[in-house]
Amino acid sequence: MSKVALVTGGTRGIGEAISIALRNAGYTVAANYAGNDEAAAKFTAETGIKAYKWSVADYEACVAGVAQVEADLGPVAVLINNAGITRDAMFHKMTPQMWGEVINTNLTGLYNMTHPVWSGMRDRKFGRVINISSINGQKGQAGQVNYSAAKAGDIGFTRALAQEGARAGITVNAICPGYIGTDMVRAIDEKVLNERIIPQIPVGRLGEPSEIARTVVFLAADEAGFITGSTISANGGQFFS
Ligand code: NDP
């Protein structure tokens, strides 16, 4: 029987590429999303992968969502915490709402999603939790104090939980993408992207979602069992940590 992989934010951008790559690697995939029904319907029509709508920022919704996925497909063996948002502003203009939305989705979302699958993974003595952090959680980014704080928190979450899961056959790792060509990055002003961001990337281009997905498939494999608590950078050489 193929293992079940649950990908949050799995219907668009990097998450879509992860869902497809895991499906192609033989997993039964469930793709979660927050509210873009049109994108989710298109994704399911094109891939045949079932999409499930709930917010990772809502703990009760995550518990119910995981229960639904497990009832439909079987126990979750691989969890990809990929869902994320930006609410960018310089700090002096950052409202409590902008701070809270990003922390609740990008950091608390990891607790909300991992907690409901954790006991099952412990009981079955196998699990893979892969958290999509960011280069900006490693180096910090002006205009993204909320996002950088949440993404740095994802790395701390990964390192601590990896120690708890190790004896139970559960690995917990983080991937830190650099700038990847998705809606999130296309939302950046084109002039800023072309004149300030891309020139800082040694390979001279944005990353592809499939390049992050490939890293996820690698970490999800049974053979990756000795890799845990790690942070893997995939950023075109932009930052070394
Ligand atoms: P996109 O904006 O393209 O897609 C985001 C996905 O997350 C969508 O499927 C969206 O659902 C979902 N989502 C957002 N909020 C929630 C929520 N509360 N509950 C459930 N799902 C939610 O983002 P990217 O693909 O660019 O980013 C994916 C991850 O990679 C994020 O964590 C991001 O921070 C990280 N990352 C991205 C980089 C980049 O350059 N693009 C660089 C470094 C890290 P819906 O379709 O319903 O809106």
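Two residues count as in contact if their C-beta atoms, placed from the backbone, lie within 7 Å. The legends below use that criterion for a predicted model.

**View 1. The seven-stranded sheet.** An open sheet runs in the order S3-S2-S1-S4-S5-S6-S7. Its seven strands pair in the parallel sense. Strand S3 (50-53) and strand S7 (231-234) form the edges, and each of them pairs on one side only. From one strand to the next, the twist averages 20°.

**View 2. The span annotated in UniProt.** An unreviewed UniProt entry lists residues 3-178 as "domain: Ketoreductase". In the model, helix makes up 52% of this span and strand 19%. The C-alpha atoms at the two ends of residues 3-178 are 29 Å apart.

**View 3. Strand S2 between S1 and S3.** Strand S1 (residues 4-7) pairs with S2 over four bridges, in the parallel sense. Val 7 has Ala 31 of S2 as its bridge partner. Strand S2 (residues 28-33) also pairs with S3, again parallel and over four bridges. Here Ala 30 stands opposite Lys 50 of S3. Further pairing links Asn 32 to its bridge partner in S3, Tyr 52.

**View 4. Burial of strand S2.** Which residues of S2 lie on each of its two faces? Thr 28, Ala 30 and Asn 32 occupy one side, while Val 29, Ala 31 and Tyr 33 occupy the other. Residues on both sides are buried, so S2 is covered on both faces. The count is six of six, so the strand is largely enclosed by the rest of the structure.

**View 5. Two crossovers that include S2.** S1, H1 and S2 build a right-handed β-α-β unit. The helix in this unit, H1, spans residues 13-24. S2, helix H2 (residues 37-47) and S3 make another right-handed β-α-β unit.

**View 6. Ile 14 in helix H1.** Is Ile 14, a residue of helix H1, buried or exposed? Ile 14 has 28 C-beta neighbours inside 10 Å, so it counts as buried; the cut-off for a buried residue is 20 or more. Neighbours within four places in sequence are left aside in the contacts that follow. Ile 14 touches Asn 82, Ile 132 and Pro 177. The list of its contacts also holds Ile 180, Thr 182, Pro 209 and Ile 212. Gln 144 is 130 residues away from Ile 14 along the chain, and their C-alpha atoms are separated by 20 Å.

**View 7. One face of helix H4.** Helix H4 (residues 96-106) has Val 102, Thr 105 and Asn 106 as its buried residues. Why do these residues line one face of the helix? Seen down the axis of H4, the buried residues fall within an arc of 80°, so they share a face. Pro 96 and Gln 97, on the other side of H4, are exposed. The cover over the buried residues of H4 includes helix H5 (108-124) and helix H7 (145-165).

**View 8. The S5-S6 pair.** Strand S5 (residues 127-132) and strand S6 (residues 170-177) run parallel. Six bridges join them. One of the paired residues is Asn 131, whose bridge partner in S6 is Ala 174.

**View 9. Lys 125, a residue with positive phi.** Lys 125 sits in the loop between H5 and S5. Phi of Lys 125 is near 60°, a positive value in a residue other than glycine. How many other C-beta atoms lie within 10 Å of Lys 125? There are 10, and Lys 125 is exposed; exposed residues are those with 12 or fewer.

**View 10. Asn 194 in helix H9.** Asn 194 belongs to helix H9 (residues 190-197). Asn 194 has 11 C-beta neighbours inside 10 Å, so it counts as exposed. Asn 194 and Ala 17 are 177 residues apart in sequence. Their distance in space is 24 Å, C-alpha to C-alpha.

How values were computed: Residues are numbered from 1 along each chain as its sequence is written. This is a predicted model: local features need pLDDT of at least 70, side-chain atom pairs count only at pLDDT 80 or more; totals for chains, interfaces and linings use all residues. Two strands pair if DSSP finds at least two bridges between them. Axes are lines fitted to C-alpha atoms, for helices over the stretch in contact, and angles run from 0 to 180 degrees between N-to-C directions. UniProt positions are given in the numbering used here, feature names are shortened, and annotations may be inferred rather than shown by experiment. The arc is that of the directions from the helix axis to the C-beta atoms. A crossover is right-handed if, with the strands pointing away from the viewer, the path from the first strand over the helix to the second runs clockwise.
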